[in-house]
Each structure stands twice: as C-alpha cells, then as structure tokens.
Amino acid sequence: MTDSRSVAGRSETVTGRDGDTMAGADGAVGLSSQSHAKDVIVACDFAGAEQTFTFLDRFEGEERKPFVKIGMELFYAEGPQIVREIKARGHKIFLDLKVHDIPNTARKAMAVLSALDVDMCNVHAAGTAAMMRAALEGLTRPDGTRPLLIAVTQLTSTDQEAMERDLCIHEPLEAVVSHYALTAKSSGLDGVVCSPLEARGVHETCGDDFVTVTPGVRFAGGAVGDQKRVTTPARARDIGSDYIVVGRPITQADDPVAAYRQCVREFLAQS
C-alpha cells in the first residue's frame with residue numbers, strides 16, 4: 001500500500017504493504033488505520049549470511065514469509081548485499097540501524113538507505129526534531145516514495161533507574177516515551193519503537209494511526225535475557241502494538257517455524 005501525503009510542504013508517497021494507493025490530507029502525519037496491519041517481525045540477529053540463510057531456508061514452502069529485521073550486527077558484517085538478497089527472497093525488511101547523528105549526516109545516510117528498497121527503517125528520537133526531519137528528507141526518493149520511518153524512544157533494556165542514573169532523565173519513563181513519540185510525529189515520522197508496555201500511551205498521545213513497533217516480546221514463561229520491559233505476544237496485541245519484534249524466542253527455538261507460527265497465532269489471534 002502507498003500513502004500519499006505532504007510533509008514539510010512536500011508531497012510524498014509512503015511505500016506500504018500491498019500496492020494499493022491511499023490519498024492523504026495535505027500536511028497529515030502518520031498512517032491511516034487501514035494502511036498498515038499488525039504483523040510479527042523476526043529479528044535476524046545473526047553474525048553473518050550463512051546463519052541467516054540457513055534460518056530463512058526453514059521457511060521455504062511456508063505460505064507466510066516472515067517480515068524480518070536486519071540489525072547492526074548482520075548489516076555491519078555483510079553490508080547492503082544482505083538486504084538485497086533477503087528482499088529478493090520475498091521478505092519485507094525492517095532495517096534497524098538506529099541512525100543518530102547531526103542532521104546533515106542523518107540526511108545523507110538516509111539518502112543511501114533509501115536505495116535499498118526496505119519497508120521500514122529508523123532513527124533515534126533523541127537526535128532531536130531537526131535530525132528526524134532531515135532523515136525524513138533524505139529518505140524520500142525523487143519520485144516521492146519512501147519506506148516507513150520510525151524513531152526509537154527508549155531501548156527496552158532501559159528501565160527507570162538506568163534512565164535516571166545514566167541519562168540524567170528524571171521524568172517517568174512512560175512520559176518520556178510519549179514525549180519522544182509526539183516529537184517524532186510532529187517531525188513527520190510514521191511511528192516509534194517502544195516497549196509493548198508503552199504502546200497504549202503512545203496511541204493515546206499520537207493517535208491510533210501512529211505506528212508502534214515493539215521489541216521486548218517473549219512467550220509466557222520464556223527467558224527475558226537483557227530486556228527489562230517485556231510482555232507476551234497476546235498481551236502486546238491487547239495493549240496496542242502494531243508490530244512486534246521477536247528474536248531469540250523464534251531464532252533460538254528448537255523448531256523456529258513452529259515458534260514463529262505460535263507467535264503469529266498469539267499476536268494476530270488466529271485459530
């Protein structure tokens with residue numbers, strides 16, 4: 001699906017999920033409630049291409065090809081070619097590089113990433129509104145199309161104590177996330193990365209059309225690892241997550257395909 005809109009006086013089209021076109025009001029920010037659907041994103045946090053393709057080969061023949069996340073480890077190891085190869089296999093891609101730099105550098109970096117034809121990418125909201133606007137400008141192609149652009153609020157490994165001690169931020173964590181989300185929305189971005197526990201508050205602040213992408217999801221009884229703010233796929237659905245990002249509970253499962261199916265079933269409430 002594509003979402004036509006105007007951002008900072010420009011007309012642009014957001015590349016979406018099914019090839020349809022939806023007209024947007026001039027100056028609108030965020031996606032319409034019909035322009036994105038809930039989905040499970042599998043974090044392919046592998047050291048290299050061999051491990052990644054061994055994992056993805058398990059899904060050959062599956063009717064549903066997983067939406068995958070390519071993060072820093074895999075991208076830094078393999079470069080842009082890994083994105084092209086996974087895209088050629090028919091997977092949607094969230095390129096999770098968390099760009100955070102001065103506005104000019106963010107703009108130029110996003111202009112490079114825009115050529116990779118990913119479906120979603122991100123920046124750090126802490127980079128300020130000026131950086132987010134610059135990133136959006138760089139990501140938008142000459143024909144007006146672009147991937148979804150979302151902003152990281154607070155990492156799910158951060159809790160209130162760490163935020164106050166290490167970042168010198170003393171507001172309640174939920175209020176900080178909602179403020180970052182509102183800044184991202186006012187900068188023209190499509191949504192944020194937050195924990196599932198803050199998804200409802202983000203929607204209350206920014207509207208149901210503003211996308212929440214939520215890592216920190218584990219099956220009931222599963223190990224939480226280094227995550228602090230976590231919940232289950234079903235609970236994430238109930239409190240407003242639009243996309244959940246799930247890594248180790250699927251990639252390290254004895255049967256990753258079965259684990260993925262379970263996650264989809266729980267999050268999308270499929271029988």
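**A walk outward from strand S4**

Five of the five residues of strand S4 are buried, so this strand is largely enclosed by the rest of the structure. The model is a predicted one, and S4 is a convenient place to enter it. The enclosure holds for both faces of S4, since Asp 39, Ile 41 and Ala 43 on one side and Val 40 and Val 42 on the other are all buried. That division of the strand into two sets follows a general pattern: in a regular strand the side chains alternate between the two faces of the sheet.

Asp 39, which lies in S4 (residues 39-43), is an acidic residue in this enclosed setting. Asp 39 counts as buried because its relative accessibility is 6%, and the cut-off for that label is under 20%. Its side chain is joined to the side chain of Arg 64 by a polar contact of 2.5 Å. Asp 39 also takes part in strand pairing, with Tyr 243 in S12 as its bridge partner.

The pairing of S4 can be followed to two other strands. Toward S12, four bridges join the two strands, which run parallel, and besides the pair already named, Val 42 stands opposite Val 246. Toward strand S5 (residues 67-70), S4 is joined by three bridges, again in a parallel arrangement, and here Ala 43 stands opposite Lys 69. Strand S12 (residues 243-246) is itself covered on both faces, with Tyr 243 and Val 245 on one side and Ile 244 and Val 246 on the other, all of them buried. From S12 the pairing continues to strand S11 (residues 211-214), which runs parallel to S12 and is joined to it by two bridges; Val 213 has Tyr 243 as its bridge partner there. Tyr 243 is therefore named in two pairings, as the partner of Asp 39 and as the partner of Val 213, where the burial of Asp 39 at 6% relative accessibility has already been noted.

The nonpolar residues of the chain can be considered next. The largest nonpolar core has 60 residues, and those with the most contacts inside it are Val 40, Val 83, Leu 95, Met 110, Val 123, Leu 149 and Ile 250. A second, separate core of 13 residues includes Ala 43, Met 120, Val 211 and Val 245. Strand S4 thus has a residue named in each core, because Val 40 belongs to the largest one, Ala 43 belongs to the second, and these two residues lie on opposite sides of the strand, all five of whose residues are buried.

Val 123 gives a view of how the largest core is connected. Leaving out residues up to four places away in sequence, Val 123 touches Lys 98, Val 99, Met 110, Met 131, Met 132, Ala 135, Leu 149, Ile 150, Ala 151, Val 152 and Leu 189. Met 131, Met 132 and Ala 135 are among the buried residues of helix H5, as are Ala 129, Ala 134, Leu 136, Gly 138 and Leu 139. The 12 residues of H5 (residues 128-139) should span 16 Å at 1.5 Å a residue, and the end C-alpha atoms are 17 Å apart, which agrees. Within this helix, Leu 136 is buried, with a relative accessible area of 1%, and its C-alpha atom is separated by 10.0 Å from that of Asp 190, 54 residues apart along the chain. Thr 128, also in H5, is partly exposed at 42% and has a positive phi of about 85° although it is not a glycine.

A positive phi appears at Asp 117 as well, where the value is about 60° and the residue is again not a glycine. Asp 117 is placed in the loop between helix H4 (103-113) and strand S7 (120-124), and with a relative accessible area of 41% it is partly exposed. A loop position can also be buried, as His 91 shows: this residue is found between helix H3 (80-88) and strand S6 (93-99), yet it counts as buried at 3% relative accessibility. The side chain of His 91 reaches the backbone oxygen of Pro 66 at 2.8 Å, and, neighbours within four places aside, His 91 is in contact with Leu 56, Lys 65, Pro 66, Val 68, Ile 86 and Asp 119.

For the chain as a whole, the secondary structure comes to 11 helices and 12 strands, and buried residues make up 53% of the 271 residues.

Terms used:
Residues are numbered from 1 along each chain as its sequence is written. This is a predicted model: local features need pLDDT of at least 70, side-chain atom pairs count only at pLDDT 80 or more; totals for chains, interfaces and linings use all residues. Side-chain values use heavy atoms; hydrogens and water are left out. Buried means under 20% relative accessible area, exposed over 50%, partly exposed in between (1.4 Å probe, protein chains only). A polar contact is a pair of N or O atoms within 3.5 Å; within protein, one must be able to donate a hydrogen and the other to accept it, and residues adjacent in sequence count only if both atoms are side-chain atoms. The expected span of a helix is 1.5 Å times one less than its number of residues. Two strands pair if DSSP finds at least two bridges between them. A nonpolar core is a set of buried Ala, Val, Leu, Ile, Met, Phe, Trp, Tyr and Cys residues joined through side-chain atoms within 4.5 Å. Contact means heavy atoms within 4.5 Å.
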